[in-house]
Amino acid sequence: MTRISSKPAPAALGILLVGLTASVALVPSGDSLAQPPGSLRTSGQAREAQVPLASDLALIPPHAFALVHVQAAAIWKHERMAPLRNIVLKAGPEALQRLDTLFVPKISTLDRISVCLLEEERQDGEVREPLLYVILRFREAFDPQEVVRAYIPAAAAVRLEGGRTVYRSEADPIELWFPDRQHIVVGQVQKMPLLWAKPEGRDHPWHAILRQAERNHVTVAVHMASLPIPEHVRREIPPPFQPLLKMRTVVGALQLADKISLDVTAEFGTAVAAQEAEKALQALCELGRQQLALFAKEMEQQLFDPKRQPPLPLSELPNTAGAVVMLGMLKTVDEWLAKPQEWIKREESRLYTRVQLEDINQWTNVVSLGMGLLVPAVQRVREAASRLSSQNNLKQIALACHNFHDVHGHLPQDIVDKNGKPLLSWRVAILPYIEQEALYKQFKLDEPWDSEHNKKLIEQMPKIYVSPSLPQFPGLTYYKGFSGPGAVFETGKKIKLQAITDGLSNTILVIEAGPPVPWTKPEDIPFDPKKPLPPLQPLPRETQTNAALCDGSIRVLDLKKIGEKRLRLLIQRDDGQPIDFDFE
């Protein structure tokens, strides 16, 4: 039997693309760029290669796919931070000293902060959620034992490979590693060894990027080529924007000097790929203008709503003033997006841009404008992330159903008593196959879902049953099957995959639709071939919803386009009228 991949799609991909667009949308102030800001001068590469990396940056592993590096102390001491620094200093030396004594190590000795993301590979080739590591470097030595006692007092020292010692506790989600007395590495419990792993056969450009990070006050870098973008995510990206998927790395660098400079560089590997990406980015700017126009229209409708007659109460002032400010920001950003050729620069295999501002006030204005651009785009990204997260939930549920079939010889059904009366949902029956065997063992399988004992477990609903696209209620789920004659979940029958004669890819297994039900309750969507279908509202997107088919594939079903007649055929497993999805 073909196994179903359950690897979650990286929603961060959409955020990164939006972030890149927003970053390069910050218009340059007219300064020409003689050299891409992300490149290293060839004459200095050999000399730099002989100099060891800074101690904290040397801890970044070559298999990381994202990095944020902040030179906190250098930023705080910079002359451009003097106005803010002077305000803080007015608190007085006693207050500042008190701040230092309340934390270990002393806050005043914090030098630099690095954050990196890794992916945990499994033996089956699937990938789990990204792992986050935080590396803190301090200017003065501290006692690691004081840090452990302060933040994870129940931790025990665990000796690992290479003589390294980590501090972990079963009660805490994090563990600590101290490379020396000036560094703290924070990671997820039992995941610290992955920071030291050295996967073979991977060519990462981190050395050059880390060299840049030593010179920048803030560096944000992503090795895009390391992101395992699923094929179904690639297919969802419209063809005009596909060239952006060829991006290998993207690096953002912030420098405080005579001017505040932000450089953003995207590397595409070849000049042809960069040229195609430039056109795609211009098309993305045009799409951004369209989205901004829609959002601006919403702001105008709110501002000029005839139902809002003066004088309005003072409580309406923040929202109304915000609408005016947002409208101005949106129109300003629209003017910039209308001329991408003025701020998108291309040299060989790179696209880059630079923003240079005279003072911190200008920088604040630019950040506000960037937020104006991100508001509509992030909303779209959130919708896409929720959709992908829900599809991954359905994929996991379908995989569990197949694994249940492998063990028991039939698809899961509601748990019933000796007389055939349903007691608990099939969602409880598959708990051992979604890594929830401990929860499964807590149920009394000979008692109904709402018995005194079992109803206490409703609040422990696994996250896999939570729909991120619909309103959430504790213990209630939108993931349901169809229950009735001819459906996969037909009461009193143990359905084998071989009995689904209409085809596994033509029959619905589980669908995401309302109204929600208690996840342990043996309740699904009632189906009778001779009666109208019950309402399926709410749906994740107006008339569209996600569904897992019996072969484990995930489909976005537009119920309005499909129509009730076709939907009935998709629900029935052996009506002799198999259909495909050519009508979509």
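This report describes the nonpolar cores, two helices and the charged pairs of a predicted model.

**Cores and helices**

The largest nonpolar core has 38 residues, and those with the most contacts inside it are Leu244, Phe268, Met299 and Leu330. At least two residues of this core come from each of strand E10 (260-267), H9, H10 and strand E12 (350-357), while the largest share, 11 residues, is supplied by H9. Apart from this core lies another one, of 35 residues, among them Val428, Trp449, Ile495 and Val510. In soluble globular proteins, nonpolar side chains tend to be buried together.

Helix H10, which covers residues 317-337, has 21 residues and reaches 30 Å from its first C-alpha to its last, close to the 30 Å expected at 1.5 Å a residue. The buried residues of H10 are Thr320, Ala323, Met326, Leu327, Met329, Leu330, Val333 and Leu337. An α-helix has 3.6 residues a turn, so residues three or four places apart point the same way. Leu330, which is buried in H10, is also one of the residues with the most contacts inside the largest core.

Arg289 is found in helix H9, which covers residues 271-303. Leaving aside its neighbours within four places in sequence, Arg289 is in contact with Asp334, Leu337 and Ala338, and of these Leu337 is among the buried residues of H10. Arg289 and Val333 are 44 residues apart in sequence, and their C-alpha atoms are 8.5 Å apart in space. Arg289 has a relative accessible area of 25% and is therefore partly exposed, since buried means under 20% and exposed over 50%.

**Charged pairs**

Across the whole structure, a search finds 19 salt bridges. Side chains of opposite charge can pair when their charged atoms come close. Three of the pairs are set out below, with the distance between nitrogen and oxygen.

| Pair | N to O distance |
|---|---|
| Arg112 and Asp56 | 2.9 Å |
| Glu175 and Arg168 | 2.6 Å |
| Arg354 and Asp263 | 2.7 Å |

The salt bridge of Arg112 with Asp56 links distant parts of the chain, with Arg112 in strand E2 (residues 110-118) and Asp56 in the loop between helix H2 (42-49) and strand E1 (66-70), 56 residues apart. Arg112 counts as buried at 7% relative accessibility, and Asp56 counts as buried at 0%. Both residues also belong to a network of salt bridges in which Asp56, Asp111, Arg112 and Arg137 are linked.

For the salt bridge between Glu175 and Arg168, Glu175 is buried, and so is Arg168.

In the salt bridge of Arg354 with Asp263, Arg354 lies in strand E12 and Asp263 in strand E10, so the pair ties together parts that are 91 residues apart in sequence. Arg354 counts as partly exposed at 22% relative accessibility, whereas Asp263 counts as buried at 13%.

**A buried charge without a salt bridge**

Asp100 has its place in helix H5, which covers residues 93-101. Asp100 is buried yet has no salt bridge, and the nearest side chain of opposite charge, that of Lys106, is 5.4 Å away. This distance does not make a salt bridge, because a salt bridge needs a side-chain nitrogen of Lys or Arg within 4 Å of a carboxyl oxygen of Asp or Glu. Leaving aside its neighbours within four places in sequence, Asp100 is in contact with Lys106, Ile107 and Ser108.

Definitions and conventions: Residues numbered from 1 in each chain as written. Predicted model: local features only at pLDDT ≥ 70, side-chain atom pairs only at ≥ 80, totals over all residues. Heavy atoms only, no water. Helix = DSSP H or I, 4+ residues; strand = E, 2+ residues; numbered from the N terminus. Buried < 20%, exposed > 50% of the residue type's maximum accessible area, 1.4 Å probe, protein only. Contact = heavy atoms within 4.5 Å. Expected span 1.5 Å × (residues − 1). Lys, Arg positive; Asp, Glu negative; His and termini not counted. Core = buried A, V, L, I, M, F, W, Y, C linked by side-chain atoms within 4.5 Å.
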